[in-house]
Amino acid sequence: MIYDGTAPADSDVLRTGGVPLAPAGFTWPMCGSSCGGPLQFFAHLPVEYGALSVFVCQNDPGACDSWDATSGANRVYLFPREGLQPVAVPEKGVTLLPATSAIRIHAVPFDPEEHEEHEEREEHDDLAPDAYDLARSGWKWEPEEGFGKQREVLGSLGGSPSYLEDDRLPTCASCAGTTEFAAHLEEGISRQTAMNLGGQLGYVFVCRACCRGAFLTD
Ligand SMILES: [Zn+2]
Ligand SMILES: [Zn+2]
């Protein structure tokens, strides 16, 4: 997912920031960790099976365990794509990002075998080649640009979770079953647009059967 300028705040497109879109009757989620305030809306992610909506507590960064999928300080919803409408924003609390950022998709082919014989890997053969890490570090506008513009990378849709320990894979809060990896989130290009992930990579998981997801950072 690559930063692509600004987007209308209520558009049904891939974006970070703006206002959440949800089915009628949806109420803004509140923090289930220590602060009890409204969560901040991070991202609207239309996918082929619906629209993922990501919220993370930012009322008192550090006080609520927003890095933890089970803390109640973050929330991921999977909504049907039809009938979505802008959600009323609570008057108090840290609820919206300063800017709405459009996201465009840049597909990166990944062939594990191609990287297996890579020289660097011989010294670190405990680390398997990581598709997301390779895609992110390879991002450039033009092939001749030597240095990647990695702040423009806002994460990925699909793929596999980057360097995440197996014991951190979240289970579904509804059915207790395994969740499927849905997206990575990066903080963003600037203070204006950034989601606060504590300098970490964000991970979005989903249980399609229960229409709910999970969020954590590494
Ligand atoms: Zn909180
Ligand atoms: Zn479930």
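**Exercise 1. Arginine 81**

Decide whether arginine 81 is buried, partly exposed or exposed, and find where in the chain it lies.

*Solution.*
Step 1. The relative accessibility of arginine 81 is 35%. Buried means under 20% relative accessible area, exposed means over 50%, and partly exposed is in between, with a 1.4 Å probe and protein chains only. Arginine 81 therefore counts as partly exposed.

Step 2. Arginine 81 is placed in the loop between strand 6 and strand 7. Strands (E, at least two residues), like helices (H or I, at least four), are DSSP runs numbered from the N terminus.

Step 3. Leaving out residues up to four places away in sequence, arginine 81 touches Asp12, Pro46, Gly50 and Ala51; contact means heavy atoms within 4.5 Å.

Step 4. Tyrosine 49 is 32 residues from arginine 81 along the chain, and their C-alpha atoms are separated by 8.1 Å.

*Note on the model.* This is a predicted model, in which local features need pLDDT of at least 70 and side-chain atom pairs count only at pLDDT 80 or more, while totals for chains, interfaces and linings use all residues. Residues are numbered from 1 along each chain as its sequence is written, chains are lettered from A and ligands numbered from 1 in the order in which they are written, and side-chain values use heavy atoms, with hydrogens and water left out.

**Exercise 2. The zinc ion (ligand 1)**

Identify the donors of the zinc ion (ligand 1) and classify their arrangement.

*Solution.*
Step 1. Cys31, Cys35, Cys57 and Cys64 coordinate this zinc ion, each through SG, at 2.3 to 2.4 Å. Donors are N, O and S atoms within 2.8 Å of the metal (3.2 Å for Na, K and Ca); water is not among the atoms, so sites may look incomplete.

Step 2. Along the chain, the donors of ligand 1 have the spacing C-x3-C-x21-C-x6-C.

Step 3. The angles between the 4 donor atoms run from 97 to 119 degrees, so the arrangement is tetrahedral. Four donors count as tetrahedral if all angles lie between 85 and 135 degrees.

Step 4. Cysteine 31 has a relative accessible area of 7% and is buried, whereas cysteine 35, at 32%, is partly exposed.

**Exercise 3. The zinc ion (ligand 2)**

Work out which parts of the chain are tied together by cysteine 175 and cysteine 210.

*Solution.*
Step 1. The zinc ion (ligand 2) is held by SG atoms of Cys172, Cys175, Cys207 and Cys210, at 2.3 Å. The spacing of these donor residues is C-x2-C-x31-C-x2-C.

Step 2. Cysteine 175 is in the loop between strand 9 (155-157) and strand 10, and cysteine 210 is in the loop between strand 11 and strand 12 (212-217), so the pair joins parts that are 35 residues apart in sequence.

Step 3. Around ligand 2 the angles are 108 to 112 degrees, which makes this arrangement tetrahedral. The ideal angle for four tetrahedral donors is 109.5 degrees.

Step 4. Cysteine 175 is partly exposed at 43%, and cysteine 210 is partly exposed at 28%.

Step 5. Two residues in these loops have a positive phi without being glycine. Alanine 176 has a phi of about 65 degrees and lies in the loop between strand 9 and strand 10. Cysteine 211 has a phi near 55 degrees and lies in the loop between strand 11 and strand 12.

**Exercise 4. An aromatic pair**

Which type of aromatic pair do phenylalanine 181 and phenylalanine 205 form?

*Solution.*
Step 1. The whole structure holds 9 aromatic pairs. Rings of Phe, Tyr and Trp (its six-membered ring) pair if their centres lie within 6.5 Å; planes under 30 degrees apart are stacked, over 60 edge-to-face, and the rest tilted.

Step 2. For phenylalanine 181 and phenylalanine 205 the centres are 5.4 Å apart and the planes are at 75 degrees, an edge-to-face pair.

Step 3. Phenylalanine 181 belongs to strand 10 (residues 180-185) and phenylalanine 205 to strand 11 (residues 202-207), 24 residues apart.

Step 4. Phenylalanine 181 is buried at 11%, and phenylalanine 205 is buried at 2%.

**Exercise 5. The largest nonpolar core**

Find how many residues the largest nonpolar core has, and which strand gives the largest share.

*Solution.*
Step 1. A nonpolar core is a set of buried Ala, Val, Leu, Ile, Met, Phe, Trp, Tyr and Cys residues joined through side-chain atoms within 4.5 Å. The largest has 23 residues, and Leu45 and Phe215 are among those with the most contacts inside it.

Step 2. Strand 4 (40-47) is one of the elements that give two or more residues to this core. Strand 4 supplies the largest share, 4 residues.

Technical notes: Four donors count as tetrahedral if all angles lie between 85 and 135 degrees; four count as square planar and six as octahedral if opposite donors are over 155 degrees apart and all others between 65 and 115; anything else is irregular.
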